[in-house]
Amino acid sequence: MTAKMNVNIGQGDTDIVQNTLKMAVNGYAAVSNSIVDMKPVKFDRFTPGESDVCFDIAFCGICHTDVHFIRNDLGISQYPLVPGHELTGTVTAVGSKVTKFKEGDPIGVGCLVDACLSCDYCKSN
């Protein structure tokens with residue numbers, strides 16, 4: 001099952017309120033606090049904006065934080081819950097302000113998305 005993802009890659013401001021939820025995608029979700037109770041689900045993503053990159057997800061990492069959320073170790077999880085935040089895939093579309101990626105490029109997204117790239121912390125790291 002292939003999922004699609006759109007990510008603002010920090011090349012400009014995207015007002016997410018202006019985007020509408022109308023891009024249906026497939027994924028796998030935890031439907032209870034059991035790590036083995038994952039089911040295919042369909043859900044909506046924001047329509048990509050002018051600073052966004054859309055891509056087909058080939059692989060998705062699941063780390064210990066995802067496991068804690070699936071198991072509801074913090075007592076705040078809501079199901080269905082789609083875990084995973086380290087992604088690789090192939091770019092399928094780019095917004096008009098995107099300059100570093102084009103359709104067909106390989107792409108990887110780590111856990112730090114939408115960094116401002118202008119504060120002291122971003123500049124020093």
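These notes go through a predicted model, from its overall make-up to a few charged and polar residues.

1. Overall make-up. The protein has two helices and six strands. Read from the N terminus, the order of elements is β-β-β-β-α-β-β-α. Of the 125 residues, 26% are buried. The accessible surface comes to about 8100 Å², and carbon and sulfur atoms hold 55% of that surface. Among contacts with a separation of 6 or more, 65% are between residues 24 or more positions apart.

2. Strands β5 and β6. Strand β5 covers residues 86-94 and runs antiparallel to β6, with four bridges between them. One of the residues involved is G89, whose bridge partner in β6 is I107. Strand β6 covers residues 106-109 and has two unlike faces: I107 and V109 lie on the covered face, P106 and G108 on the uncovered one. As background, side chains in a regular strand alternate between the two faces of the sheet.

3. D105, in the loop before β6. This residue sits in the loop between β5 and β6. D105 counts as buried because its relative accessibility is 15%, and the limit for buried is under 20%. Leaving aside neighbours within four places in sequence, D105 is in contact with G89, T90, V91 and K100. D105 and F55 are 50 residues apart in sequence, yet their C-alpha atoms are 9.2 Å apart in space.

4. D105 and K102. The side chains of K102 and D105 form a salt bridge, at 2.9 Å from N to O. The side chain of D105 also reaches the backbone nitrogen of K102, at 2.9 Å. The two partners differ in cover: D105 is buried at 15% relative accessible area, whereas K102 is exposed at 53%.

5. The other salt bridges. A search of the whole structure finds three salt bridges. E50 pairs with K97, the closest N and O atoms being 3.1 Å apart. E50 lies in the loop between β3 (38-46) and β4 (52-61) and K97 in the loop between β5 and β6, so this pair ties together parts that are 47 residues apart in sequence. Both ends are partly exposed, E50 at 38% and K97 at 42%. K39 pairs with D37, with 3.6 Å between the closest N and O atoms. Here K39 is partly exposed at 42%, and D37 is partly exposed at 22%.

6. D66, a buried residue without a salt bridge. D66 lies in helix α1, residues 64-70. What is the nearest side chain of opposite charge to D66? That side chain is R71, 12 Å away, and D66 is buried yet has no salt bridge. With a salt-bridge limit of within 4 Å, the R71 side chain is out of range at 12 Å. D66 does have a polar contact of 3.4 Å with the side chain of H85. Not counting residues up to four places away in sequence, D66 touches G61, P83, G84 and H85.

7. S77, in the loop after helix α1. S77 is found in the loop between α1 and β5. S77 is buried, with a relative accessible area of 14%. The side chain of S77 reaches the backbone oxygen of F69 at 2.4 Å. Apart from neighbours within four places in sequence, S77 is in contact with F69 and N72.

Notes:
Residues are numbered from 1 along each chain as its sequence is written. This is a predicted model: local features need pLDDT of at least 70, side-chain atom pairs count only at pLDDT 80 or more; totals for chains, interfaces and linings use all residues. Side-chain values use heavy atoms; hydrogens and water are left out. Buried means under 20% relative accessible area, exposed over 50%, partly exposed in between (1.4 Å probe, protein chains only). Lys and Arg count as positive and Asp and Glu as negative; His and the chain ends are not counted. A polar contact is a pair of N or O atoms within 3.5 Å; within protein, one must be able to donate a hydrogen and the other to accept it, and residues adjacent in sequence count only if both atoms are side-chain atoms. Contact means heavy atoms within 4.5 Å. Two strands pair if DSSP finds at least two bridges between them. Accessible areas come from the Shrake-Rupley method with a 1.4 Å probe; for residues, only the protein chains shown count as cover.
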